[in-house]
Amino acid sequence: MTTQTFADRAAIERHQLAELRKLTAALLDGNDFYASRLHDAGFEGIIDSINDFTSRMALTTKDEIVEDQHQHPPYGTNLTFPLDRYTRLCQTSGTTGRPLRWIDTAEDWQRMLDCWAQVYAAAGVVAGDRVFFAFSFGPFLGFWTAFEAAAQLDMMCIPGGGMSSPARLATIFDNDVTVLCCTPTYAIRLAEVAATSGFDMSRSKVSRIIVAGE
(Lines give C-alpha, C1' and ligand atoms only; values in the text may rest on other atoms or scores of the structure.)
Protein backbone atom coordinates (compact mmCIF):
# COMPACT_ATOMS: atom_id res chain seq x y z
CA MET A 1 0.00 0.00 0.00
CA THR A 2 1.29 3.45 -0.92
CA THR A 3 0.22 6.70 0.71
CA GLN A 4 0.46 10.29 -0.46
CA THR A 5 0.95 13.43 1.56
CA PHE A 6 -0.16 16.91 0.56
CA ALA A 7 0.98 20.35 1.68
CA ASP A 8 -2.50 21.77 2.17
CA ARG A 9 -6.18 21.44 1.28
CA ALA A 10 -5.66 23.12 -2.09
CA ALA A 11 -3.10 20.45 -3.03
CA ILE A 12 -5.57 17.73 -2.08
CA GLU A 13 -8.26 19.30 -4.26
CA ARG A 14 -5.89 19.62 -7.22
CA HIS A 15 -5.06 15.93 -6.90
CA GLN A 16 -8.75 15.00 -6.61
CA LEU A 17 -9.62 17.01 -9.72
CA ALA A 18 -6.81 15.39 -11.71
CA GLU A 19 -7.99 11.91 -10.65
CA LEU A 20 -11.62 12.80 -11.45
CA ARG A 21 -10.60 13.90 -14.94
CA LYS A 22 -8.74 10.61 -15.50
CA LEU A 23 -11.75 8.65 -14.27
CA THR A 24 -14.32 10.44 -16.42
CA ALA A 25 -12.07 10.10 -19.48
CA ALA A 26 -11.96 6.34 -18.93
CA LEU A 27 -15.73 6.20 -18.43
CA LEU A 28 -16.47 8.20 -21.57
CA ASP A 29 -14.19 5.90 -23.53
CA GLY A 30 -15.41 2.53 -22.30
CA ASN A 31 -18.36 2.58 -19.89
CA ASP A 32 -21.73 2.82 -21.64
CA PHE A 33 -23.67 3.20 -18.39
CA TYR A 34 -21.80 6.28 -17.17
CA ALA A 35 -20.92 7.69 -20.59
CA SER A 36 -24.60 8.44 -21.22
CA ARG A 37 -24.94 10.12 -17.83
CA LEU A 38 -21.84 12.21 -18.37
CA HIS A 39 -23.13 13.29 -21.78
CA ASP A 40 -26.51 14.19 -20.27
CA ALA A 41 -24.73 16.38 -17.69
CA GLY A 42 -22.74 18.10 -20.43
CA PHE A 43 -19.38 16.59 -19.56
CA GLU A 44 -17.83 15.78 -22.91
CA GLY A 45 -14.64 17.74 -22.42
CA ILE A 46 -12.52 18.79 -19.49
CA ILE A 47 -14.09 19.22 -16.04
CA ASP A 48 -13.48 22.70 -14.65
CA SER A 49 -13.86 21.94 -10.94
CA ILE A 50 -15.16 19.37 -8.49
CA ASN A 51 -17.94 21.76 -7.46
CA ASP A 52 -19.02 22.06 -11.10
CA PHE A 53 -19.07 18.28 -11.41
CA THR A 54 -21.08 17.65 -8.23
CA SER A 55 -23.61 20.35 -9.08
CA ARG A 56 -24.32 18.99 -12.56
CA MET A 57 -23.80 15.24 -12.35
CA ALA A 58 -26.86 13.29 -11.22
CA LEU A 59 -26.51 10.78 -8.40
CA THR A 60 -26.70 7.12 -9.39
CA THR A 61 -29.19 4.96 -7.49
CA LYS A 62 -29.02 1.25 -6.77
CA ASP A 63 -32.33 0.77 -8.59
CA GLU A 64 -30.82 2.22 -11.78
CA ILE A 65 -27.92 -0.22 -11.69
CA VAL A 66 -30.21 -3.17 -10.91
CA GLU A 67 -32.50 -2.23 -13.80
CA ASP A 68 -29.52 -1.88 -16.13
CA GLN A 69 -28.40 -5.39 -15.17
CA HIS A 70 -31.93 -6.67 -15.77
CA GLN A 71 -31.95 -5.11 -19.24
CA HIS A 72 -28.39 -6.25 -20.03
CA PRO A 73 -27.74 -9.44 -18.06
CA PRO A 74 -25.82 -10.53 -16.18
CA TYR A 75 -23.61 -7.51 -15.32
CA GLY A 76 -25.23 -4.60 -17.13
CA THR A 77 -23.40 -1.88 -19.05
CA ASN A 78 -21.54 -0.41 -16.05
CA LEU A 79 -18.27 -2.01 -17.20
CA THR A 80 -15.18 0.02 -18.00
CA PHE A 81 -12.95 -2.90 -19.05
CA PRO A 82 -13.29 -6.24 -20.88
CA LEU A 83 -14.76 -8.97 -18.70
CA ASP A 84 -11.45 -10.81 -18.40
CA ARG A 85 -10.08 -7.86 -16.36
CA TYR A 86 -12.57 -8.54 -13.56
CA THR A 87 -11.55 -11.05 -10.90
CA ARG A 88 -14.17 -10.73 -8.14
CA LEU A 89 -17.95 -10.97 -8.03
CA CYS A 90 -20.18 -10.03 -5.12
CA GLN A 91 -23.91 -9.42 -4.92
CA THR A 92 -26.49 -8.08 -2.53
CA SER A 93 -28.90 -10.35 -0.69
CA GLY A 94 -31.91 -9.41 -2.81
CA THR A 95 -34.16 -8.94 0.22
CA THR A 96 -35.74 -5.82 -1.31
CA GLY A 97 -35.82 -6.94 -4.95
CA ARG A 98 -33.44 -8.29 -7.55
CA PRO A 99 -29.89 -8.85 -6.29
CA LEU A 100 -27.33 -6.29 -7.41
CA ARG A 101 -24.22 -7.90 -8.87
CA TRP A 102 -20.89 -6.12 -8.60
CA ILE A 103 -17.62 -7.14 -10.21
CA ASP A 104 -14.19 -5.74 -9.36
CA THR A 105 -10.80 -5.77 -11.00
CA ALA A 106 -7.79 -6.92 -9.00
CA GLU A 107 -6.79 -3.27 -8.61
CA ASP A 108 -10.24 -2.31 -7.28
CA TRP A 109 -10.17 -5.18 -4.83
CA GLN A 110 -6.70 -4.28 -3.57
CA ARG A 111 -7.83 -0.73 -2.84
CA MET A 112 -10.50 -2.14 -0.52
CA LEU A 113 -7.90 -4.35 1.15
CA ASP A 114 -5.77 -1.24 1.68
CA CYS A 115 -8.73 0.43 3.41
CA TRP A 116 -9.04 -2.55 5.75
CA ALA A 117 -5.31 -2.33 6.49
CA GLN A 118 -6.01 1.16 7.83
CA VAL A 119 -8.91 -0.17 9.93
CA TYR A 120 -6.69 -2.83 11.47
CA ALA A 121 -3.93 -0.32 12.17
CA ALA A 122 -6.39 2.04 13.87
CA ALA A 123 -7.74 -0.84 15.98
CA GLY A 124 -4.26 -1.96 17.01
CA VAL A 125 -4.54 -5.34 15.27
CA VAL A 126 -1.12 -6.60 14.17
CA ALA A 127 0.65 -9.52 12.54
CA GLY A 128 0.28 -12.60 14.70
CA ASP A 129 -3.22 -11.77 15.87
CA ARG A 130 -5.77 -14.54 15.37
CA VAL A 131 -8.84 -13.14 13.68
CA PHE A 132 -12.17 -14.97 13.59
CA PHE A 133 -14.64 -14.00 10.86
CA ALA A 134 -18.22 -14.79 11.85
CA PHE A 135 -20.01 -14.24 8.54
CA SER A 136 -21.54 -16.48 5.91
CA PHE A 137 -18.74 -16.43 3.30
CA GLY A 138 -21.45 -16.27 0.63
CA PRO A 139 -21.61 -13.92 -2.39
CA PHE A 140 -22.47 -10.90 -0.23
CA LEU A 141 -19.38 -8.68 0.17
CA GLY A 142 -19.53 -8.96 3.95
CA PHE A 143 -16.09 -9.37 5.46
CA TRP A 144 -14.38 -10.85 2.41
CA THR A 145 -12.07 -7.86 2.07
CA ALA A 146 -11.40 -7.86 5.81
CA PHE A 147 -10.43 -11.54 5.60
CA GLU A 148 -8.01 -11.10 2.70
CA ALA A 149 -6.49 -7.93 4.13
CA ALA A 150 -5.77 -9.76 7.38
CA ALA A 151 -4.06 -12.54 5.44
CA GLN A 152 -1.89 -9.99 3.62
CA LEU A 153 -0.91 -8.54 7.00
CA ASP A 154 0.25 -11.94 8.31
CA MET A 155 -2.61 -12.49 10.73
CA MET A 156 -4.10 -15.93 11.27
CA CYS A 157 -7.47 -15.88 9.47
CA ILE A 158 -10.08 -18.26 10.88
CA PRO A 159 -13.29 -18.63 8.83
CA GLY A 160 -16.61 -19.02 10.62
CA GLY A 161 -19.02 -19.54 7.74
CA GLY A 162 -21.72 -22.23 8.00
CA MET A 163 -21.33 -22.59 11.79
CA SER A 164 -23.85 -22.38 14.58
CA SER A 165 -23.24 -19.82 17.29
CA PRO A 166 -22.09 -22.45 19.83
CA ALA A 167 -19.69 -23.89 17.24
CA ARG A 168 -18.28 -20.43 16.58
CA LEU A 169 -17.78 -19.83 20.28
CA ALA A 170 -15.99 -23.15 20.61
CA THR A 171 -13.72 -22.21 17.70
CA ILE A 172 -12.94 -18.87 19.34
CA PHE A 173 -11.84 -20.63 22.53
CA ASP A 174 -10.09 -23.59 20.87
CA ASN A 175 -7.92 -21.32 18.71
CA ASP A 176 -7.21 -18.56 21.24
CA VAL A 177 -8.83 -16.00 18.93
CA THR A 178 -7.76 -12.43 19.74
CA VAL A 179 -9.95 -10.47 17.31
CA LEU A 180 -13.59 -11.01 16.29
CA CYS A 181 -15.04 -9.55 13.07
CA CYS A 182 -18.82 -9.60 12.65
CA THR A 183 -21.89 -7.38 12.54
CA PRO A 184 -22.81 -5.39 15.68
CA THR A 185 -25.96 -7.37 16.46
CA TYR A 186 -24.20 -10.69 15.93
CA ALA A 187 -21.53 -9.74 18.46
CA ILE A 188 -24.38 -9.18 20.93
CA ARG A 189 -25.95 -12.50 19.91
CA LEU A 190 -22.70 -14.38 20.52
CA ALA A 191 -22.51 -12.87 24.01
CA GLU A 192 -26.10 -13.98 24.69
CA VAL A 193 -25.39 -17.53 23.49
CA ALA A 194 -22.17 -17.64 25.50
CA ALA A 195 -24.09 -16.74 28.66
CA THR A 196 -26.51 -19.65 28.19
CA SER A 197 -24.05 -22.21 26.80
CA GLY A 198 -21.34 -22.27 29.42
CA PHE A 199 -18.78 -20.08 27.65
CA ASP A 200 -17.15 -17.58 30.01
CA MET A 201 -16.07 -14.81 27.63
CA SER A 202 -13.94 -13.22 30.33
CA ARG A 203 -11.65 -16.23 29.95
CA SER A 204 -11.32 -15.87 26.17
CA LYS A 205 -8.35 -14.22 24.49
CA VAL A 206 -10.56 -11.84 22.48
CA SER A 207 -9.36 -8.29 23.08
CA ARG A 208 -10.89 -6.49 20.11
CA ILE A 209 -14.17 -6.72 18.22
CA ILE A 210 -14.39 -5.06 14.82
CA VAL A 211 -17.93 -4.62 13.56
CA ALA A 212 -19.32 -3.50 10.21
CA GLY A 213 -22.72 -3.36 8.58
CA GLU A 214 -26.14 -2.43 9.93
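## Close-up views of a predicted model

Of the contacts in the protein between residues at least 6 apart in sequence, 66% join residues at least 24 apart. The model shown is predicted.

**View 1. The whole chain holds 8 helices and 6 strands.** Along the sequence the order is α-α-α-α-β-β-α-β-α-β-α-β-α-β. The radius of gyration is 21 Å, well over the 17 Å that the globule rule gives for 214 residues, so the protein is more spread out than a compact globule. Along the principal axes, the C-alpha atoms fill a box of roughly 65 × 45 × 30 Å. Buried residues account for 34% of the 214 residues.

**View 2. The surface carries charges of both signs.** The accessible surface comes to about 12,700 Å². Carbon and sulfur atoms contribute 54% of that area. The protein has 18 positive and 26 negative side chains. The centres of these two sets lie 5 Å apart.

**View 3. Helix α1 spans residues 9–30.** This helix has 22 residues. From first C-alpha to last, α1 reaches 32 Å, close to the 32 Å expected at 1.5 Å a residue. Its buried residues are A11, L17, L20, T24 and L27. An α-helix has 3.6 residues a turn, so residues three or four places apart point the same way. The buried residues of α1 pack against two helices, α2 (32–40) and α3 (50–56).

**View 4. P73 and P74 are joined by a cis peptide bond.** Omega here is about -5°. Most peptide bonds are trans. P74 sits in the loop between α4 (62–71) and β1 (86–91).

**View 5. T77 is in the loop between α4 and β1.** Its relative accessible area is 18%, and T77 is therefore buried, the limit being under 20%. Leaving out residues up to four places away in sequence, T77 touches N31, D32, F33, D68 and H72. Among these partners, D32 and F33 belong to α2 (32–40). D68 belongs to α4 (62–71).

**View 6. D154 has a positive phi without being a glycine.** The angle is near 65°. Most residues other than glycine have a negative phi. D154 lies in the loop that runs between α6 (144–152) and β4 (156–159). With a relative accessible area of 59%, D154 counts as exposed because the cut-off is over 50%.

**View 7. D176, also not a glycine, has a positive phi of about 50°.** The residue is placed in the loop between α7 (165–174) and β5. Strand β5 covers residues 179–182. D176 is partly exposed, at 34% relative accessible area. That value falls between the 20% limit for buried and the 50% limit for exposed, which means D176 belongs to neither class.

**View 8. T183 lies in the loop between β5 (179–182) and α8 (184–197).** Relative accessibility is 25%, so T183 counts as partly exposed. Neighbours within four places in sequence aside, T183 is in contact with F143, V211, A212 and E214. L113 is 70 residues from T183 in sequence. In space, the C-alpha atoms of T183 and L113 are 18 Å apart.

Technical notes:
Residues are numbered from 1 along each chain as its sequence is written. This is a predicted model: local features need pLDDT of at least 70, side-chain atom pairs count only at pLDDT 80 or more; totals for chains, interfaces and linings use all residues. Side-chain values use heavy atoms; hydrogens and water are left out. Helices (H or I, at least four residues) and strands (E, at least two) are DSSP runs, numbered from the N terminus. The radius of gyration is taken over C-alpha atoms; the globule rule is 2.2 Å times the number of residues to the power 0.38. Buried means under 20% relative accessible area, exposed over 50%, partly exposed in between (1.4 Å probe, protein chains only). Contact means heavy atoms within 4.5 Å. Accessible areas come from the Shrake-Rupley method with a 1.4 Å probe; for residues, only the protein chains shown count as cover. Lys and Arg count as positive and Asp and Glu as negative; His and the chain ends are not counted. The place of a charge is taken as NZ of Lys, CZ of Arg, CG of Asp or CD of Glu. The expected span of a helix is 1.5 Å times one less than its number of residues.
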